[in-house]
Amino acid sequence: MVYCARLATACGGVPPKAEKVYMFYVYIIQSQKTGKYYTGMTSDLLNRIKHHNSGANRSTKGKGPWVVVYSEKFEDKKLAWYREKQIKKYKKGEAFKKLLI
């Protein structure tokens with residue numbers, strides 16, 4: 001059976017709602033002031049970088065301006081969260097440096 005949203009509505013039914021697709025980003029930003037790195041995850045990369053540069057984030061306040069030096073995109077929030085944790089475990093070692101090349 002094929003479901004027709006127009007027919008369902010015409011017959012008094014309610015069509016299924018379209019699912020909103022979210023993308024999640026794992027990112028590394030670098031301070032142009034200190035050269036230090038910050039790794040994070042967000043669903044809105046542009047606004048998150050603006051947030052860091054505004055001084056509203058405790059971890060990055062007073063150390064900006066910040067620029068994105070690396071990012072990855074995920075459709076699954078949990079996978080993005082695991083990837084963020086993995087990158088943070090690199091402790092700025094060789095694996096971390098390879099991401100920035």
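1. A salt bridge is a side-chain nitrogen of Lys or Arg within 4 Å of a carboxyl oxygen of Asp or Glu. With that in hand, look at glutamate 94 and lysine 97: their closest N and O atoms are 3.8 Å apart, so the pair counts as a salt bridge. Both residues sit in helix 4 (residues 94-99), three residues apart, which is about one turn of the helix. Glutamate 94 is exposed, at 56% relative accessible area, while lysine 97 is partly exposed, at 45%.

2. Before going further, please keep in mind that this is a predicted model. The average pLDDT of the protein is 87, and 80% of the residues score at least 70. Residues 1-5 are a stretch to read with care: their pLDDT is below 50, and beyond near neighbours in sequence the stretch has five contacts in the model.

3. Now for the overall layout. The protein has four helices and three strands, and from the N terminus on the order of elements is α-β-β-α-β-α-α. Try tracing that order in the structure above. Of its 101 residues, 26% count as buried. The accessible surface is about 7600 Å², and carbon and sulfur atoms account for 55% of that surface.

4. How does the chain meet itself? Take the contacts between residues at least 6 apart in sequence: 53% of these join residues at least 24 apart. Valine 21 gives you a place to look for parts of the chain that are far apart in sequence. Valine 21 is in the loop between helix 1 (5-10) and strand 1, and it is exposed, with a relative accessible area of 64%. Its C-alpha atom is 7.8 Å from that of glutamate 75, although the two residues are 54 apart along the chain.

5. Let us return to charged pairs. How many salt bridges does a search of the whole structure find? There are three. As general background, side chains of opposite charge can pair when their charged atoms come close. In one of the salt bridges, arginine 83 meets glutamate 72 at 2.8 Å, N to O. This pair links distant parts of the chain, since arginine 83 belongs to helix 3 (residues 77-89) and glutamate 72 to strand 3 (residues 66-74), 11 residues apart. Both partners are buried.

6. Helix 3 also holds the salt bridge of lysine 88 with glutamate 84, where the N to O distance is 3.0 Å. The two residues both lie in this helix, four residues apart, or about one turn. Are these partners buried or exposed? Lysine 88 is partly exposed because its relative accessibility is 37%, between the 20% and 50% limits. Glutamate 84 is buried because its value of 8% is under 20%.

7. Next come the rings. The model has four aromatic pairs. One of them joins tyrosine 22 and phenylalanine 24, a tilted pair with 6.5 Å from centre to centre and 35 degrees between the planes. Tyrosine 22 is partly exposed at 45% relative accessible area, whereas phenylalanine 24 is buried at 12%.

8. Another pair to find is that of tyrosine 27 and tyrosine 38. Why is this pair called tilted? The planes of the two rings are at 35 degrees, which is neither under 30 nor over 60, so the pair is tilted; the ring centres are 6.4 Å apart. Tyrosine 27 is in strand 1 (residues 24-31) and tyrosine 38 is in strand 2 (residues 37-42), so the pair links distant parts of the chain, 11 residues apart. Both tyrosines are buried.

9. Finally, spend a moment on tyrosine 37, which lies in strand 2 and is partly exposed, at 29% relative accessibility. Leaving out residues up to four places away in sequence, tyrosine 37 touches Ile28, Ile29, Gln30, Trp66, Val69, Lys92, Phe96 and Leu100. For valine 69, the separation is 32 residues in sequence and 9.0 Å in space, C-alpha to C-alpha. Two other residues that tyrosine 37 touches, Lys92 and Phe96, have an arrangement of their own: lysine 92 lies over the face of phenylalanine 96, at 5.0 Å from the ring centre.

Methods
Residues numbered from 1 in each chain as written. Heavy atoms only, no water. pLDDT = per-residue confidence, 0-100. Contact = heavy atoms within 4.5 Å. Phe/Tyr/Trp six-rings, centres within 6.5 Å; stacked < 30°, edge-to-face > 60°. Buried < 20%, exposed > 50% of the residue type's maximum accessible area, 1.4 Å probe, protein only. Lys NZ or Arg CZ within 6 Å of the ring centre and 35° of its normal. Areas by Shrake-Rupley, 256 points an atom, 1.4 Å probe, with all protein chains shown as cover.
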